[in-house]
Amino acid sequence: MIELDLKPGEGKVIDYQGQKVAVYKDEKDRIFAISGNCTYEGCIINWDPVQKIWVCPCCGSRYSLEGKVLKGPATVDLQKVKIKED
Ligand code: FES
């Protein structure tokens, strides 16, 4: 179990069970948790609060909040991660 300390509309990358997990909480308090490592070359992604997407700082891949590739060079979606919130 983990305390996420996230407001609705916020996203951040956390350490969870030894891995980087990108978590986002929507306006209905639903949590979206995906792998925090870019599928292209493994960089840790960042949350873009303006576009509400995940962005890779290394070569510019973009992912939806559910982890779908929106823009390459990555071609593989980010894996969903099951997390238990307090
Ligand atoms: S490692 Fe993510 S786009 Fe290059």
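1. Let's fix one term up front: a residue is exposed when its relative accessible area is over 50%, buried when that area is under 20%, and partly exposed in between. Keep in mind that this is a predicted model.

2. Start with Lys7. The relative accessibility of Lys7 is 56%, and because the cut-off for exposed is over 50%, this lysine counts as exposed. Lys7 sits in the segment before β1 (11-16). As for how Lys7 relates to Lys71, the two are 64 residues apart in sequence, with 27 Å between their C-alpha atoms.

3. Now the cysteines. How many disulfides does a search of the whole structure find? It turns up one. The bond links Cys43 with Cys58, at an S to S distance of 1.9 Å. If you care about the geometry, the angle about the S-S bond of Cys43 and Cys58 is -90°, making the link left-handed.

4. What does that bridge tie together? Cys43 belongs to the loop between β3 (31-35) and β4 (46-48), while Cys58 belongs to the loop between β5 (53-55) and β6 (62-63), so the pair connects parts that are 15 residues apart in sequence.

5. Are the two bonded cysteines buried or exposed? Neither label fits Cys43, which is partly exposed at 21% relative accessibility. Cys58 is partly exposed as well, with a relative accessible area of 45%.

6. Two other cysteines are worth a look. Cys38 has a relative accessible area of 5%, so Cys38 is buried. Cys56 comes in at 3% relative accessibility and therefore counts as buried too.

Key. Residues numbered from 1 in each chain as written. Predicted model: local features only at pLDDT ≥ 70, side-chain atom pairs only at ≥ 80, totals over all residues. Heavy atoms only, no water. Helix = DSSP H or I, 4+ residues; strand = E, 2+ residues; numbered from the N terminus. Buried < 20%, exposed > 50% of the residue type's maximum accessible area, 1.4 Å probe, protein only. Disulfide = S-S within 2.5 Å.
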